[in-house]
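Please examine the sequence and the model shown below. The account that follows leads through its nonpolar cores, its salt bridges and its empty spaces.

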Amino acid sequence: MSEPESVQPRWIVEAEIMPRQGVNDPQGEAVMSGLRSLQFTGTQRVRVGKLIRVEVTAASEADALDQGTRMCERLLANPVIEEFVVSAARIG
Amino acid sequence: MTRIRAGVISFPGSNGDHDALHALEHDLGLSVRRVDYRETNLDEFDAIVLPGGFAYGDALRCGAIARFSPVMAPLRAFAEEGRPVLGICNGFQVLCEAHLLPGALLRNRTLNFHCFWTHMRIEQSNTSWTAGLANADVLRLPVAHGEGSYYVEDGQLADLEREGQVVARYCSPDGTVNECANRNGSVASIAAICNVRRNVVGLMPHPERATNSLIGGSDGLRFLGGILETALTAAT
């Protein structure tokens, strides 16, 4: 039996949100000094951001990415201090 | 003369609302009412205060969720009519997230929660909330924040300086602005800013917690008292 037409594929949309260039990231600096004290002497630069995973229904990958982008623009990221990258993977 | 009516907005997680209500009512003599974040009409008020605290537990970013509360639509209209709005600490963060003020508040550069007395120097006495002060006045006020490091990008900082939107800077007790006094690492030592129209002001220090020498200081009254000057001017 085929699925009803209203049931759309399910996707995991991931928003990777990072502090923008030029924005101070004291967490990143603290992590870097921690790594260096653990003898990871090659550590050059650390930035700490966040990953937000959202499960959505969407007709296509483009639709899922579009939803994720709009979520970032409206709520998940603050463009004054953050930049984001959105990806989508089908899960059902 | 009818008393000035001030509303203090309570979001889930606000904790400075009662301090603000007490200061405005008992120390300044205003008529006050706590405004629930679900209310949709602010017509009765002459001034609105967004208090300190941790609205929505600071989930995602400070102020990010509170920005979508029902009360924010009438607040925007209130601000656009030129009526006085003050955001204290978390209230400042909410106003930035709502784009009623420019910029954003980042994690303190020390990564510590800052809870101590600080000094700020008034840079602009011509706002709705600093009208009772003079430029270069130094106020001693408490701070209590983890994300108080004010940020705007360089180009926008130049705009703020040119438009006179930098209302106060962290300073030493004698009024000197330097990096030692700028403990959270704010751009240009900024402690308080206003919008272009000068009726919306946000600051990280807590004037409502410095209204009586019995609680450590009364300089906060000098700040909040500016609203009396503004209301008086508006009435004449």
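In this predicted model, Leu86(B) has contacts with a series of residues beyond its neighbours within four places in sequence: Ile48(B), Val49(B) and Leu50(B), then Leu95(B) and Trp129(B), and further along the chain Val201(B), Leu203(B), Phe223(B) and Leu224(B). Leu86(B) is also among the residues with the most contacts inside the largest nonpolar core, a group that includes Leu50(B) and Phe223(B) as well as Phe11(B), Leu75(B), Met120(B) and Tyr150(B). That core has 65 residues. Its main contributor is strand β10 of chain B, residues 190–194, which gives five residues. A second core, separate from this one, has 13 residues, including Val13(A), Ile17(A), Val56(A) and Cys72(A). In soluble globular proteins, nonpolar side chains tend to be buried together.

Burial is not confined to nonpolar residues. Ser10(B), which lies in strand β1 of chain B (residues 5–10), is buried, because its relative accessible area is 1%, under the 20% limit. Not counting residues up to four places away in sequence, Ser10(B) touches Asp17(B) and the run Arg34(B), Val35(B), Asp36(B) and Tyr37(B).

The charged side chains come next. Over all chains, the structure holds 20 salt bridges. In one of them, Arg162(B) meets Asp159(B) with N and O 3.1 Å apart. These two residues are three places apart in helix α4 of chain B (residues 154–162), so about one helical turn separates them. Arg162(B) is exposed, with a relative accessible area of 59%, whereas Asp159(B) is partly exposed at 34%.

Arg169(B) and Glu161(B) form another salt bridge, in which the closest N and O atoms are 2.9 Å apart. Here Arg169(B) is buried, at 12% relative accessible area, while Glu161(B) is partly exposed at 34%. A further salt bridge joins the side chains of Arg209(B) and Glu208(B), at 3.7 Å from N to O. In this pair Arg209(B) is partly exposed, with 22% relative accessibility, and Glu208(B) is buried, with 4%. Shared partners also link salt bridges into one network, which joins Lys50(A) and Glu82(A) with Arg61(B) and Glu97(B).

Which residues lie nearest the centre of the largest pocket? They are Lys50(A), Ile81(A), Glu82(A), Leu106(B) and Arg107(B), out of a lining of 26 residues. Lys50(A) and Glu82(A) are thus members of the salt-bridge network as well as of this central group. The pocket holds about 540 Å³ of space. Elements giving two or more residues to its lining are β1 (10–19) and α1 (26–37) of chain A, together with α3 (90–97) and β5 (104–106) of chain B. By class, the lining comprises 13 nonpolar, five polar and eight charged residues.

Closed space is also present. Rolling a probe the size of a water molecule over the atoms shows where empty space is left. The count comes to one cavity of 30 Å³ or more, and the largest cavity has a volume of about 40 Å³. Chain A contributes Asn24(A) and Pro26(A) to its lining, and chain B contributes Leu106(B), Arg107(B), Arg109(B), Ser149(B), Asn184(B) and Gly185(B). This lining has two nonpolar, four polar and two charged residues. Leu106(B) and Arg107(B) line the largest cavity and also lie among the residues nearest the centre of the largest pocket.

Methods: Residues are numbered from 1 along each chain as its sequence is written. Chains are lettered from A and ligands numbered from 1 in the order in which they are written. This is a predicted model: local features need pLDDT of at least 70, side-chain atom pairs count only at pLDDT 80 or more; totals for chains, interfaces and linings use all residues. Side-chain values use heavy atoms; hydrogens and water are left out. On a 1 Å grid over the protein atoms alone, a cavity is a set of points where a 1.4 Å probe fits but cannot get out, and a pocket is an open set with protein on both sides within 12 Å along at least five of seven lines; lining residues have an atom within 4 Å of a point. Grid points are joined across faces, edges and corners, and a volume is the space filled by probe spheres set on the points. Ala, Val, Leu, Ile, Met, Phe, Trp, Tyr, Cys and Pro count as nonpolar, Asp, Glu, Lys and Arg as charged, and the others, Gly among them, as polar. A salt bridge is a side-chain nitrogen of Lys or Arg within 4 Å of a carboxyl oxygen of Asp or Glu. Helices (H or I, at least four residues) and strands (E, at least two) are DSSP runs, numbered from the N terminus. Buried means under 20% relative accessible area, exposed over 50%, partly exposed in between (1.4 Å probe, protein chains only). A nonpolar core is a set of buried Ala, Val, Leu, Ile, Met, Phe, Trp, Tyr and Cys residues joined through side-chain atoms within 4.5 Å. Contact means heavy atoms within 4.5 Å.
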